[in-house]
Amino acid sequence: MLRIATWNVNSIRQRLSHLLDYLKEAKPDAVCLQETKCLDDAFPRLEIEDLGYNVASHGQKGFNGVAILAKRPFETKPGLPGDPNDEQARYIEAELSTDKGAVRLASIYLPNGNPAGSEKYPYKLAFMDRLIAHARRLLALEEPLILAGDYNVIPEPRDAAKPEQWLDDALFLPQTRAKFRELLNLGLTDALRATTDSGGLYTFWDFKTFGWQRNNGIRIDHLLLSPQAADRLASVAIDKEMRGRDKASDHTPIRIDLDL
DNA sequence: ATGGCCCAGTCCCTGGGA
């Protein structure tokens, strides 16, 4: 069994104790992190390595930043192809070796894109186009592939407690949702939607509006699977308990078990 | 009913998040 989690930690240094607890409790084989918010040299790797994980960080100062942790050794490539001028640390990819062959895993921090009238929105859409192009190439390898991370996309109304609040938001605009569907239509499976049609399943609750206390959440953290990975999907879980802790991230982990 | 937070940097305010 291969357990893979993704979690936007909203600063790895602020969230280290929670992450260490999570590694001990959920015992994932690999974890994709987003919004680490620190340079690679400042990444608290020793504490994580002490729990038996290898660590690859692709960070930048203050903002963004992604990482992959895994018990097995792996090779990594930082950066999403397609724009050599993009300096934002939002993508890292790893090739994990398992008993049953190679598994490719990406940790993605897709741009937020708000406000939708600013230059940030076209940057988001362009990033999604690059991700679509890259996913097309990876799918051609016909391997187990997991594209995991904070997509900053609410796929459907049932993925928000109050969808009417998000109509003009870059996370839910028709163009955003259409690009997400374009990604899925390459042949990727949204792991959670492969296991349930239920609404009310969220991975983010806003600090500002006391979203957690009101259960005003949205589902924006996703694990997308190639056919070879989807064939092996055993279960999906959202680890909501981490969101209720003191000094929590505004996101909670979501994880899958693959029969690999 | 309303307004309400949390991070990093160099920092006592600004910019970013979603």
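Trainee: Leaving aside its neighbours within four places in sequence, which residues is Leu-147 in contact with?

Mentor: A contact means that two C-beta atoms, placed from the backbone, lie within 7 Å. By that reading Leu-147 touches Ala-106, Ile-108, Ala-135, Leu-188 and Leu-224, once the neighbours within four places in sequence are set aside. Since this is a predicted model, local features need pLDDT of at least 70 and side-chain atom pairs count only at pLDDT 80 or more, while totals for chains, interfaces and linings use all residues. Residues are numbered from 1 along each chain as its sequence is written, and chains are lettered from A and ligands numbered from 1 in the order in which they are written.

Trainee: How many residues has the largest nonpolar core, and which have the most contacts inside it?

Mentor: Such a core joins buried Ala, Val, Leu, Ile, Met, Phe, Trp, Tyr and Cys residues through C-beta atoms within 7 Å, where buried means 20 or more other C-beta atoms within 10 Å of the residue's own, exposed 12 or fewer, and partly exposed in between. The largest one here has 69 residues, and Leu-147 is among those with the most contacts inside it, together with Ile-4, Ile-68, Leu-105, Ile-146 and Ala-148. Over chain A as a whole, buried residues make up 42% of the 260 residues.

Trainee: Why does Val-103 count as buried, and why does Asp-41 count as exposed?

Mentor: Val-103 counts as buried because it has 27 C-beta neighbours inside 10 Å, whereas Asp-41 counts as exposed because it has 8. Val-103 lies in strand E7, residues 101–109, and, outside its neighbours within four places in sequence, is in contact with Leu-2, Leu-96, Thr-98, Pro-144 and Leu-260. Its C-alpha atom is 7.9 Å from that of Ile-146, although the two residues are 43 apart along the chain. Asp-41, by contrast, belongs to the loop between strand E2 (30–34) and helix H2 (45–49), and its C-alpha atom is separated by 25 Å from that of Thr-252, 211 residues apart along the chain.

Trainee: How many helices and strands does chain A have, and in what order do the six strands of the open sheet stand?

Mentor: Helices (H or I, at least four residues) and strands (E, at least two) are DSSP runs, numbered from the N terminus; chain A has six helices and 14 strands. Strands pair if DSSP finds at least two bridges between them, and the open sheet, with mixed pairing, follows the order E5-E6-E7-E8-E12-E9. Strands E5 (74–78) and E9 (189–190) stand at its edges, each with a single partner strand, so one side of each is left without a neighbour in the sheet. E5 pairs with E6 (residues 91–98) in the antiparallel sense over five bridges, and Glu-75 has Glu-95 in E6 as its bridge partner.

Trainee: Which residues of E2 lie on one side and which on the other?

Mentor: In a regular strand the side chains alternate between the two faces of the sheet. In E2, Ala-30, Cys-32 and Gln-34 lie on one side and Val-31 and Leu-33 on the other, and all are buried, leaving both faces covered. Five of the five residues of E2 are buried, so this strand is largely enclosed by the rest of the structure. E2 runs parallel to strand E1 (residues 2–8), to which five bridges join it, with Ala-5 opposite Val-31.
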